[in-house]
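Open the structure in your viewer and keep the selection tool at hand. This tour goes stop by stop.

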Amino acid sequence: MRYILAPLFRVWFYLANFIAIILLFPFIFFTSLSPKTYLQFFYFERLWAKIVLVLCGFRWKVNWAEKPEPNGQYIICANHTSMLDIMLTLAVFPTPYLFIGKKELTKLPLFGYFYKRTNILVDRSSLSSRKMTYDLAAEKIDEGLGMCIYPEGMAPREEITLAPFKNGAFRLAATKGVTIIPAAFHDCKRLLPYDNFRGRPGVLKVDVMPFLQPQENSPEEVSRLKQQCYDDIFQSLQAQK
């Protein structure tokens with residue numbers, strides 16, 4: 001039965017994305033035209049994410065060890081597991097931030113257009129692209145925006161609980177002195193994995209761990225932040241198994 005229901009659910013998931021974009025199109029289109037209106041765009045982007053999740057029967061439940069300040073600036077680091085990750089991040093975290101994501105997302109109809117205009121894209125196979133992405137992220141942090149970076153780089157194979165982290169998010173945090181928010185997404189992979197024959201609605205549980213404060217700008221501090229963030233998320237994921 002799941003070989004019939006799960007593909008139908010995934011079709012509805014894509015259709016819900018399209019419906020939410022169409023409903024908000026005038027607002028997200030005009031606010032995406034200029035960096036000066038990004039804060040307004042971010043509000044509608046969060047609304048889009050919540051509409052999609054609700055239409056698809058998802059609810060989210062967050063266990064907060066610490067909550068972000070309304071006007072705070074953060075780098076959000078979560079495990080990368082599913083197409084739901086971006087929407088869940090937007091639904092949970094209210095302070096304005098940009099995503100650093102793979103350029104392949106620009107190929108998605110409508111979503112790709114707005115993602116390209118309002119976030120930072122990286123070609124992970126290109127060293128120059130990764131360097132340019134880091135420099136652009138640093139500029140946006142100087143402008144007061146936060147970042148969301150999935151530090152595994154790409155969603156790992158399903159049997160892997162948590163892939164090794166890359167340095168970028170933690171080097172950025174140490175260089176700019178920006179607080180890191182570690183978050184564990186427990187159910188995205190289970191409810192909507194990268195498998196066309198699996199997918200269903202349900203509760204998306206999120207653990208937000210104590211924030212990590214950079215102490216200095218050094219390679220040792222980058223390693224410390226990366227290891228602490230990895231350990232916190234891994235232990236949370238293991239505890240829920």
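What follows is a walk through a predicted model, with something to select at each stop.

**Stop 1: helix 3**

Select residues 85-92, which form helix 3. How many residues of helix 3 are buried? Eight of the eight are, so helix 3 is largely enclosed by the rest of the structure. Colour them in turn: Asp85, Ile86, Met87, Leu88, Thr89, Leu90, Ala91 and Val92.

**Stop 2: helix 2 against helix 3**

Keep helix 3 on screen and add helix 2, residues 38-55. Two packed helices are described by the angle between their axes and the distance between the axes. Here the angle is about 120°, and the axes are 8 Å apart. Helix 2 passes helix 3 in a left-handed crossing.

Now show the side chains where the two meet. Helix 2 brings Phe42, Glu45, Arg46, Trp48, Ala49, Lys50, Val52 and Leu53. Helix 3 answers with Met87, Leu88, Leu90, Ala91 and Val92. By class, this contact has ten nonpolar, three charged and no polar residues.

**Stop 3: the loops on either side of helix 3**

Select His80. His80 sits in the loop between strand 2 (74-78) and helix 3. Is His80 buried or exposed? His80 has 12% relative accessibility, under the 20% cut-off, so His80 counts as buried. Find Asp85 next: its side chain makes a polar contact with the side chain of His80, at 2.6 Å. Leaving aside neighbours within four places in sequence, His80 is also in contact with others, among them Tyr150, Glu152, Met154 and Tyr194.

Move to Thr95, in the loop between helix 3 and strand 3 (97-102). Thr95 counts as buried, at 5% relative accessibility. Which residues does Thr95 contact, leaving aside its neighbours within four places in sequence? They are Phe42, Pro68, Glu69, Pro70, Gly72 and Tyr74. You have met Phe42 already: this residue of helix 2 is part of the meeting with helix 3.

**Stop 4: the cysteines**

A disulfide is a covalent bond between the sulfur atoms of two cysteines. How many disulfides does a search of the whole structure find? Zero. Select Cys56, which is in no disulfide. The nearest cysteine sulfur is that of Cys188, 12 Å away. Cys56 is buried, at 3% relative accessible area.

Select Cys148 with Cys77. Why is there no bond between their sulfurs? The sulfur of Cys77 is the closest cysteine sulfur to that of Cys148, yet the two are 7.7 Å apart, which is too far for a bond. The cut-off for a disulfide is 2.5 Å. Cys148 is buried too, at 1% relative accessibility.

**Stop 5: Ala169 and Pro182**

Leave Cys77 displayed and select Ala169, in helix 6 (residues 168-176). Ala169 counts as buried, at 2% relative accessibility. Leaving aside neighbours within four places in sequence, Ala169 is in contact with Ile75, Cys77 and Ile149. Draw a distance from Ala169 to Ala137: the C-alpha atoms are 9.7 Å apart, and the residues are 32 apart in sequence.

Pro182 is next, in strand 6 (residues 179-185). Its relative accessible area is 0%, so Pro182 is buried. Cys77 turns up again among the residues that Pro182 touches, not counting those up to four places away in sequence. Others to display include Asp207, Phe211, Leu212, Cys229 and Ile233. From Pro182 to Gln228, 46 residues along the chain, the C-alpha separation is 9.2 Å.

**Stop 6: Lys189**

Select helix 7, residues 188-191, and pick out Lys189. Is Lys189 buried or exposed? Lys189 is buried, with a relative accessible area of 18%. Where does its side chain go? The side chain of Lys189 reaches the backbone oxygen of Ile160 at 3.0 Å. Leaving aside neighbours within four places in sequence, the contacts of Lys189 also include Thr81, Ser82, Arg157, Glu158 and Arg198. Lys189 and Gly199 are ten residues apart in sequence and 9.2 Å apart, C-alpha to C-alpha.

**Stop 7: out to helix 1**

Finish with helix 1, residues 2-31, and select Phe18 there. Phe18 counts as partly exposed, at 45% relative accessibility. Draw a last distance, to Arg171: 36 Å between the C-alpha atoms, with the two positions 153 residues apart in sequence numbering.

How values were computed: Residues numbered from 1 in each chain as written. Predicted model: local features only at pLDDT ≥ 70, side-chain atom pairs only at ≥ 80, totals over all residues. Heavy atoms only, no water. Buried < 20%, exposed > 50% of the residue type's maximum accessible area, 1.4 Å probe, protein only. Helix = DSSP H or I, 4+ residues; strand = E, 2+ residues; numbered from the N terminus. Polar contact = N/O pair within 3.5 Å; in protein donor to acceptor, adjacent residues only side chain to side chain. Contact = heavy atoms within 4.5 Å. Axes fitted to C-alpha atoms, helices over the stretch in contact; angles between N-to-C directions. Left-handed = near helix turned anticlockwise from the far one by under 90°. Nonpolar A, V, L, I, M, F, W, Y, C, P; charged D, E, K, R; others polar.
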